[in-house]
Amino acid sequence: MRTQRQVVDYSLQKRAVLRELLAGRVGTYDVCDASPYLKNAARFHGEPTDRRCPICRSENLTLVHYIYGDELKQSAGQARTLTELPVLAMTLREFQVFVVEVCLGCDWNHLVEQYLLGRDGLSSDSDGTSEQDAAGAEGAGRRRREAQR
């Protein structure tokens, strides 16, 4: 998405959890503990993937996108479909998205990534400066010229 920024990827943490499981230091019941709410969100709002579950290897994983932000008010913490996110990104200034992968077969779940979305990401130019920075620099230049007179 165009306004996606501050992406945090949790793939290294996932690899560490799977390594602990394969070594026998963590049990299957410790990592396959998806709540009924998460499983329902995966069924009704999730995006199916073609990746197999790393635990049971019989089901494909489903991605669930949870949104949080001050502007969301009562909608904060809800699962949304991937098609709803760009619409929300154009209407809200900023909100956080957490992506969780879920296996509906064995209840495996893990946080995959998190990122920010919203209109605030559109205000930056291609060179990395924002419109406010440009306006502030213009105002400072005007004040310098007035001071020199």
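Here are four exercises with worked solutions on the structure above.

Keep in mind that this is a predicted model, where local features need pLDDT of at least 70, side-chain atom pairs count only at pLDDT 80 or more, and totals for chains, interfaces and linings use all residues. Residues are numbered from 1 along each chain as its sequence is written, and side-chain values use heavy atoms, with hydrogens and water left out.

**Exercise 1: helix 3**

Find the buried residues of helix 3 and work out why they line one face of the helix.

*Step 1.* Get the terms straight. Helices (H or I, at least four residues) and strands (E, at least two) are DSSP runs, numbered from the N terminus. Buried means under 20% relative accessible area, exposed means over 50%, and partly exposed is in between (1.4 Å probe, protein chains only).

*Step 2.* Go through residues 36-45, which make up helix 3. The buried ones are Leu 38, Lys 39, Ala 41 and Ala 42.

*Step 3.* Look down the helix axis: these buried residues fall within an arc of 160 degrees (taken from the directions from the axis to the C-beta atoms), so they line one face of helix 3. A handy rule here: an α-helix has 3.6 residues a turn, so residues three or four places apart point the same way.

*Step 4.* Check the other side of helix 3, and you'll find Pro 36, Tyr 37 and Phe 44 exposed.

*Step 5.* Now see what covers the buried residues, using contact (heavy atoms within 4.5 Å). The cover includes strand 3 (60-68), strand 4 (78-80), strand 5 (95-102) and strand 6 (109-117).

**Exercise 2: a salt-bridge network**

Which residues are linked with Glu 101 in a network of salt bridges?

*Step 1.* Start with the rule: a salt bridge is a side-chain nitrogen of Lys or Arg within 4 Å of a carboxyl oxygen of Asp or Glu. By this rule the model has six salt bridges.

*Step 2.* Try Lys 14: its side chain meets that of Glu 101 in a salt bridge at 2.8 Å, N to O. Lys 14 sits in helix 1 (residues 11-23) and Glu 101 in strand 5, so the pair ties together parts 87 residues apart in sequence. Both Glu 101 and Lys 14 are buried.

*Step 3.* Next, Arg 51: this one also bridges to Glu 101, at 3.9 Å, N to O. Arg 51 belongs to strand 2 (residues 47-52), so this pair joins parts 50 residues apart in sequence. Arg 51 is partly exposed at 35% relative accessibility, while Glu 101 is buried at 1%.

*Step 4.* Put it together: Lys 14, Arg 51 and Glu 101 form the network.

**Exercise 3: another pair**

Decide whether Glu 84 and Arg 80 are buried or partly exposed.

*Step 1.* The two form a salt bridge, with their closest N and O atoms 3.7 Å apart.

*Step 2.* Glu 84 has 29% relative accessibility, so it counts as partly exposed.

*Step 3.* Arg 80 has 15%, so it counts as buried.

**Exercise 4: strand 6 and its neighbours**

Work out how strand 6 pairs with strand 1 and strand 5.

*Step 1.* Two strands pair if DSSP finds at least two bridges between them.

*Step 2.* Strand 1 (residues 5-9) runs antiparallel to strand 6, with three bridges. Arg 5, for instance, has Leu 116 as its bridge partner.

*Step 3.* Strand 5 and strand 6 are antiparallel too, over eight bridges. Here Val 102 stands opposite Asn 109.

*Step 4.* Finish with burial: seven of the nine residues in strand 6 are buried.
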